[in-house]
Amino acid sequence: MKKITIIGTGYVGLVTGACLAEKGNRVTCLDIDTEKVDSLKAGKIPFYEPGLEELVQRNVAAGRLHFTGDYNEAIPGTDVCFLALPTPCNEDGSCNTSYILKAATQLAENLDNDLIVVNKSTVPVGTAEDVERTIQSSLKTRGVEIRFEMVSNPEFLREGSAVSDCMNPDRILLGIHSQKAELVMRELYTPFSVDHDRILVMDVFSAELAKYASNAMLATRLSFMNNLALFCEKVGADIQQVRKAMGADQRIGDKYLKAGIGFGGSCLPKDVKALKAMGALKSHSMPILDSVLEINQGQQETFFQKIEGRLEPLEGKTIAIWGLSFKPDTDDLREAPALFLIEKLLNAGASLRLFDPIAMPKAKLLLNQYDQVLFCEDEYEAAKEADAIILATEWNQFQFIDFEKIGALMQNKTLFDGRNQYQKSEMQKLGFDYFCIGTPKEATPLSSAYAPTQ
Ligand code: UDX
């Protein structure tokens, strides 16, 4: 049992803290946002993440998980302190590590014993050294002698499956200098690595870079598939079939190959930009990353053009959007393709009927000021009198739709499937004018699609 402090209660910090508490450690999660701390103390999670609330409540009740806004309460006596702070993009795309360095200073100001400091945030190569220098300088100013060691332990969890990713990780990556720190970290993580050894130990720089490399590789796969999907439309191939054929090759693997309306979220876009900026600092160009970002932006734009081309003029049209979060099982709207489409459609004068199973409260905060936006109770209400539906996020409940009922509610039976969720042949049988990604489409002429229904 270790005494652990986690600084930062976002997705990474809170999930890591709750999972470490679940494995029997005494964990204090520290955040300077006192409102958030109060709500966590009351058992309320500030974002939607399946399984997290129960996990937090169980460990709070068992006395293993605590929350505070006070460094002085959290830090003394800590064996291992995790830094899990936001690392947003600067304007030039580089990573802003100021939250981490500020937390490192506050940590040092409250230290009273030797410990291990673990960086969990996604940070540029060399940040562990910066943190080390920051802590050393603060300890020197205080005139105290405390020994600490830096470990880099990047987190690979995905939103929407963060708890299970953290409990059953593919790998636990440790960038470590000394055997002593390795022993402590192995002890901490062995309960997460029982079936087979998932712990990878390496130097700190490689661990720091590996996180960016992994996310950039994932983004590259997606941009490759998205770009290929548009080519499929031109040559009459079907990206779904091409994907199956590619994925059957074990060297390629079948995961993370689904074409869609572009990737979003708080990590992939930011991390590709940050890796590019890191390269630029060393005069190392990474042109592949430029293409990844350009294709991703273009994918959203092309999808919008598809919608515009079919519904022109957009002014006065009513469009339903199913799914707003950047992916299912989260209420996170950061860099969500739906937001890009909403902005374009509103600018073009369309009226929108929005529905998302979980992200409605966050969407309302963002979009409440628009008169042309209506927030709906469910996907059926959203479809009422609509000229078209856009599926922007593939939530599970959108798999089980009564499309006969939907068709009867709509003004015109047009469906833009941004996630390739439905069968083209079935949708066409039901009388829908159906558009997806990466399958050729002989569009019905506008004039006949908008003819009055009998
Ligand atoms: C990602 C990484 O997967 C994770 O390891 C890291 O710690 C944080 O960044 P996350 O952003 O939560 O996780 O989501 P992820 O499931 O990776 O999806 C990212 C984006 O890619 C989403 O917009 C998703 O819709 C899109 N995606 C994913 C596709 O378009 N096709 C796919 O086949 C997979």
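The largest cavity of this predicted model is lined by residues from separate stretches of the chain, namely Asn-119, Ser-121, Thr-122, Val-123, Ser-152, Asn-153, Pro-154, Ala-207, Glu-208 and Lys-211. Its volume is about 40 Å³. A search of the whole structure finds one cavity of 30 Å³ or more. Rolling a probe the size of a water molecule over the atoms shows where empty space is left.

Which helix supplies the largest share of this lining? Helix H9, which covers residues 204-235, does so with three residues. By chemical character, the lining consists of five polar, three nonpolar and two charged residues.

**The two domains**

The domain assignment divides the chain into domain 1, residues 3-202, and domain 2, residues 236-454. Taken over C-alpha atoms, the centres of domain 1 and domain 2 lie 35 Å apart. Contact between them involves 18 residues of domain 1 and 16 residues of domain 2.

How much area is buried between domain 1 and domain 2? The value is about 1200 Å², and carbon and sulfur atoms give 58% of it. On the side of domain 1, Tyr-48, Cys-89 and Glu-159 supply 44% of the area buried against domain 2, more than any other three residues.

One salt bridge is found across the interface of domain 1 and domain 2. Glu-159, already named for its part in the buried area, also takes part in a salt bridge with Arg-334. Because a salt bridge requires a side-chain nitrogen of Lys or Arg within 4 Å of a carboxyl oxygen of Asp or Glu, the N to O distance of 3.7 Å between Arg-334 and Glu-159 satisfies the rule.

**Salt bridges**

The count for the model comes to 19 salt bridges. Two of the pairs are set out below.

| Salt bridge | N to O distance |
|---|---|
| Arg-58 and Glu-22 | 2.9 Å |
| Arg-334 and Glu-159 | 3.7 Å |

The closest N and O atoms of Arg-58 and Glu-22 are 2.9 Å apart. This pair links distant parts of the chain, with Arg-58 in helix H3 (residues 52-61) and Glu-22 in helix H1 (residues 11-22), 36 residues apart.

**Backbone features in two loops**

Where in the chain is Pro-313 placed? Pro-313 belongs to the loop between helix H12 (287-311) and strand E9 (318-322). The peptide bond that joins Glu-312 and Pro-313 is cis, with omega at about -5°.

A further loop runs between E9 and helix H13 (337-347), and Asp-329 is placed there. The phi angle of Asp-329 is near 65°, a positive value in a residue other than glycine. Strand E9 thus borders both loops, the one that holds Pro-313 and the one that holds Asp-329.

Note on methods
Residues are numbered from 1 along each chain as its sequence is written. This is a predicted model: local features need pLDDT of at least 70, side-chain atom pairs count only at pLDDT 80 or more; totals for chains, interfaces and linings use all residues. Side-chain values use heavy atoms; hydrogens and water are left out. On a 1 Å grid over the protein atoms alone, a cavity is a set of points where a 1.4 Å probe fits but cannot get out, and a pocket is an open set with protein on both sides within 12 Å along at least five of seven lines; lining residues have an atom within 4 Å of a point. Grid points are joined across faces, edges and corners, and a volume is the space filled by probe spheres set on the points. Helices (H or I, at least four residues) and strands (E, at least two) are DSSP runs, numbered from the N terminus. Ala, Val, Leu, Ile, Met, Phe, Trp, Tyr, Cys and Pro count as nonpolar, Asp, Glu, Lys and Arg as charged, and the others, Gly among them, as polar. Domain bounds come from an automatic or database domain assignment. Contact means heavy atoms within 4.5 Å. Buried area is the accessible area (1.4 Å probe) that two parts lose on being put together, summed over both.
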